[in-house]
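Here are some notes to read with the model open beside you. Take the points in order, and find each residue on screen as you go.

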Amino acid sequence: MDIWETNKLVLFLAFFIPGFVSLKAYGLLFPYSRRDAANQLLDAIAYSSINYAILIAPIYFFNKNQKLFLEWVAYAFYFFVFLIAPVLWVILLKAIRNAAFVQIHFPHPIDMPWDYVFQKRVPYWIIATLKDGSKVAGKYAENSFVSNFPSKEQIYLEETWVLNKSGGFERARNNSSGTIIVTSEIAHLELFKYNQE
């Protein structure tokens, strides 16, 4: 049995590519811990099968009436089946999982509060209280950055600020280019609504 025979290779790719595309799209929209290659292969084949199950009627119709269509239409159709539809199912799944009525009965699709807060890309004033009791304050805005799951949580604040005696934001530190904080050093983060004032 030679896996490199053309028919077997085409069959393998047909049941691998759509699922692989779905897995990659899912990883972008729902950060998850990486799995080993064997499990990813099984997942890819399963997702490809789901893709074909959803599209079985149009695939059957197209194959039965293929002579009625121009060649470029065939390429466009299979491009949709192999690459576009697998992404659309993930986008649809995200919309369904984020719907309020679904979240009442099922777990939230985002595992970590860190990712839930920072994926919105809302600017904040942030005060990080470190485990030694010291505080680091700064501006989290469009030029700031946070890691997301499965990477360890880290945050880059684009400006470091000096706190006044009452704990408020007084001014940006001189020549500040920001600060990077790793969560292993943080006791907790305080987020304040961002405003220019």
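1. Let us start with a term: a salt bridge is a side-chain nitrogen of Lys or Arg within 4 Å of a carboxyl oxygen of Asp or Glu. Please keep in mind that you are looking at a predicted model. With that rule, the count comes to two salt bridges, and K139, E158 and E159 are linked in a network of them. As general background, side chains of opposite charge can pair when their charged atoms come close.

2. How far apart, N to O, are the side chains of K139 and E158 in their salt bridge? The distance is 3.8 Å. K139 belongs to strand β2 (residues 135–140), while E158 sits in the loop between β4 (154–157) and β5 (159–163), so this pair ties together parts that are 19 residues apart in sequence. Now look at how covered the two residues are. K139 is buried, with a relative accessible area of 13%, and E158 is buried too, at 11%; the cut-off for buried is under 20%.

3. The other link in the network joins E159 to K139, with 3.6 Å from N to O. Here E159 lies in strand β5 and K139 in strand β2, so the salt bridge connects parts that are 20 residues apart in sequence. Is E159 buried or exposed? E159 falls in between: its relative accessibility is 23%, so it counts as partly exposed.

4. Next, step back to the sheet. Five strands make an open sheet, in the order β6-β5-β2-β1-β8, with antiparallel pairing. Which strands stand at the edges? They are β6 (169–172) and β8 (186–193); each has a single partner strand, so one side of each is left without a neighbour in the sheet. Neighbouring strands here are turned by 35 degrees against each other on average, direction ignored. In general, strands of a sheet pair through backbone hydrogen bonds, either parallel or antiparallel.

5. For one pairing in detail, try β1 (residues 124–130) and β8. How many bridges do β1 and β8 pair over? They pair over seven, in the antiparallel sense. As an example you can find for yourself, I127 has E190 in β8 as its bridge partner.

6. P123 is found in the loop between α7 (113–118) and β1. P123 is partly exposed, with a relative accessible area of 31%. Leaving aside neighbours within four places in sequence, P123 is in contact with Y140, A141 and Y194. Our friend K139 from the salt bridges comes up again here: P123 and K139 are 16 residues apart in sequence, and their C-alpha atoms are 7.7 Å apart in space.

7. Finally, turn to the surface. L11, F12, L13, F15, L41 and I45 form a nonpolar patch there, with about 460 Å² of accessible area together. The elements giving two or more residues to this patch are α1 (6–14) and α3 (37–54). Which of the elements gives the most to the patch? That is α1, with three residues. One residue to pick out is L13, which lies in helix α1. L13 has 34% relative accessibility and so counts as partly exposed.

Note on methods:
Residues numbered from 1 in each chain as written. Predicted model: local features only at pLDDT ≥ 70, side-chain atom pairs only at ≥ 80, totals over all residues. Heavy atoms only, no water. Pairing = 2+ DSSP bridges. Helix = DSSP H or I, 4+ residues; strand = E, 2+ residues; numbered from the N terminus. Axes fitted to C-alpha atoms, helices over the stretch in contact; angles between N-to-C directions. Buried < 20%, exposed > 50% of the residue type's maximum accessible area, 1.4 Å probe, protein only. Contact = heavy atoms within 4.5 Å. Patch = residues over 30% accessible without salt bridge, like charges linked within 9 Å, V, L, I, M, F, W, Y side chains within 5 Å. Areas by Shrake-Rupley, 256 points an atom, 1.4 Å probe, with all protein chains shown as cover.
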